[in-house]
Amino acid sequence: MTQAPRVRLAEAEVFERPVEFRFPFRFGSARVASAPQAFVRVRVEDARGRSAIGWSAEMMMPKWFDKNPGLSPQDNVEQLRASLRLAVEGLTTLQAQTPFGLHAAAEGDHHRAAAGHGLPALVASYGLALLDRAILDAVCRMTGASAAEAVRGNLPGITDATAPDLGGFDLARFLSRLEPGPRLAVRHTIGLADALTAADFAPGQRLADGLPQTLEEVIAAYGHRYFKIKVSGRPAEDTERLLAIAAILDQSVDAYRVTLDGNEQFENADAVADLLDRIAEEPRLEKLSASALFFEQPIARAEALSKPVTEVARRMPLEIDESDGDIGAFLRARALGYAGISSKSCKGFYRALINRARVEMWNAEAGTASCFMSAEDLTTQSGLALQQDLVLAALIGAGHVERNGHHYVDGMAGAPAAERAAYLARHGDLYESASGRARLAIRGGEITFSTVLRSVGLGSSVEPDWAATVS
């Protein structure tokens, strides 16, 4: 292991860029047609006076971090802005530490400060996650390392300081054995309002941007084999929609796998069991049922970790996503019968690696792969945000990753031409040029991103065009 450098956060700035969707994305009870993307730029300094700049980016998706119906989408975005401000304030007061040391020193105070401002834990996680990634990016650039090299050598200085349950587990050895590969299968999101066939379109809904819009068109264009199906928490309606989806998948894809995502729409485990009963009793869903990998966050977070879910989890593995508001969430969830947890860059780079280490430890102790981790999306946009998330998904060994930003947004919408051209030139394995856009290149249901894993820094060789953002 290379000695982890000690740095301090000397400067941090936050910018935004608007993103307009091709058509609304519906998850749970929310419909989102546009949202800003946050960009963070930091400067770190070490004890020798060396300085380096680092970046990160993430969508500011309303109605996911906090689903309080009394809050507007603009209120939700303001919450995320507040979380970023609190993270900057907290981290800039710290003395020099390793990159992970800064995170560990800030995490508790940051969450307490956020709670004092009425911000839920998931909102609090957002601000710290973006600052952590930008700092890691800067340290990688300072040392000339790719993020994959840095993590394998534990350049961030990751310890069990925030996860004492990993005491005795050899984190350095675990990190050194990670084998991030340059290919991932893309798990296509089927949103609640997404058209399945051309017959589903109402007048005026058909787009003329050259991109697939229906599920049938998406399969034909990209060759997907993995799918993430949003369900509404209304078992009878969900069963009918699953029948329509299964009819397409059974006919169009020889061998496919699916995950279900409840986005907190089920009141309790009994409601989840109701849907699973209906699926099991429907012969036309036999193939879809057999292909199901897990059920993501079906139960509302206020209820999800209040009672055991062991009985329903025996029928389909359950995973938490929105309930993952802090570093201890997976421990509490596992004790109640959940087997999995999602990885999302918006929740924390280090949190995902620590949870992946927990999966390794627990499965080794049990002698079976009963616990798991998946890679999920937040309409992550092509460019910096996407590439940083791909590094994380590759490091945790995801195999397949939910990707939906390319479906709801046409390429690098909002990015200037020079920035799009730079991504095509330096990350041409991940993108392709079409209709003047730099679009994600999905072939045979997969993406390739060798250039991302090789890049010095956290996943990107292209600096954002700061002139095309607003502060």
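Two strands count as paired when DSSP finds at least two bridges between them. Keep that rule at hand for the exercises below, and remember that this is a predicted model.

**Exercise 1. Pairing of β9 and β10**

Task: How many bridges join strand β9 to β10, and in which sense do the two strands run?

Solution:
- Step 1. Find the two strands: β9 covers residues 340-343, and β10 covers residues 372-375.
- Step 2. Look up the bridges: there are four of them between β9 and β10. The rule asks for at least two, so the two strands pair.
- Step 3. Read the direction: β9 and β10 run parallel.
- Step 4. Pick out one bridge: Ser342 has Ser374 of β10 as its partner.
- Step 5. Look at the side chains of β10. Phe372 and Ser374 point one way, while Met373 and Ala375 point the other way, and all are buried.

**Exercise 2. Pairing of β4 and β11**

Task: Which residue of β11 stands opposite Val186, and which way do the residues of β11 point?

Solution:
- Step 1. Locate the strands: β4 is made of residues 183-190, and β11 of residues 400-403.
- Step 2. Check the pairing: β4 and β11 are linked by four bridges in the parallel sense.
- Step 3. Find the residue opposite Val186: in β11 that is Val401.
- Step 4. Sort the side chains. His400 and Glu402 point to one side of β11, Val401 and Arg403 to the other, and all are buried.

**Exercise 3. Two residues with positive phi**

Task: Where do Lys63 and Gln297 lie, and is each one buried or exposed?

Solution:
- Step 1. Begin with the background: most residues other than glycine have a negative phi.
- Step 2. Compare Lys63: its phi is near 65 degrees, a positive value. Gln297 also has a positive phi, near 35 degrees.
- Step 3. Place them on the chain. Lys63 sits in the loop between β3 (51-59) and α1 (73-92). Gln297 sits in the loop between β7 (292-296) and α10 (301-304).
- Step 4. Apply the cut-off for buried, which is under 20% relative accessible area. Lys63 has 17%, so Lys63 is buried. Gln297 has 1%, so Gln297 is buried too.

**Exercise 4. Contacts of two strand residues**

Task: What do Leu318 and Phe227 touch beyond their neighbours in sequence?

Solution:
- Step 1. Find Leu318: it belongs to strand β8 (residues 318-320). With a relative accessible area of 0%, Leu318 is buried.
- Step 2. List some of its contacts, leaving out residues up to four places away in sequence: among them are Phe295, Pro298, Tyr338, Gly340 and Phe372.
- Step 3. Take the contact with Phe295 further. Leu318 and Phe295 are 23 residues apart along the chain, and their C-alpha atoms are separated by 4.9 Å.
- Step 4. Turn to Phe227, found in strand β5 (residues 226-230). Phe227 is buried, with a relative accessible area of 0%.
- Step 5. Its contacts, with neighbours within four places set aside, include Arg187, His188, Ile190, Leu249 and Tyr256.

**Exercise 5. A helix residue and a loop residue**

Task: Which elements hold His111 and Arg50, and is each residue buried or partly exposed?

Solution:
- Step 1. His111 is part of helix α2 (residues 99-116). Arg50 lies in the loop between β2 (30-46) and β3.
- Step 2. The relative accessible area of His111 is 17%, so His111 is buried. For Arg50 the value is 30%, so Arg50 is partly exposed.
- Step 3. Outside its four-place neighbourhood in sequence, His111 is in contact with Ala121, Ala124, Ser125, Gly325 and Arg351. Under the same kind of exclusion, Arg50 touches Val44, Glu45 and Met142.
- Step 4. For a far pair in space, take Arg50 and Glu286: they are 236 residues apart in sequence, with 60 Å between their C-alpha atoms.

**Exercise 6. The whole protein**

Task: Why is the protein described as being as compact as a globular protein of its length?

Solution:
- Step 1. Count the elements: the protein has 17 helices and 14 strands.
- Step 2. Compare the radius of gyration, 21 Å, with the 23 Å that the globule rule gives for 471 residues; the two are close, so the protein is as compact as a globular protein of that length.
- Step 3. Add the extent: the C-alpha trace spans about 65 × 50 × 45 Å along its principal axes.
- Step 4. Finish with burial: 60% of the 471 residues count as buried.

Methods. Residues numbered from 1 in each chain as written. Predicted model: local features only at pLDDT ≥ 70, side-chain atom pairs only at ≥ 80, totals over all residues. Heavy atoms only, no water. Rg over C-alpha atoms; globule rule 2.2 N^0.38 Å. Buried < 20%, exposed > 50% of the residue type's maximum accessible area, 1.4 Å probe, protein only. Contact = heavy atoms within 4.5 Å.
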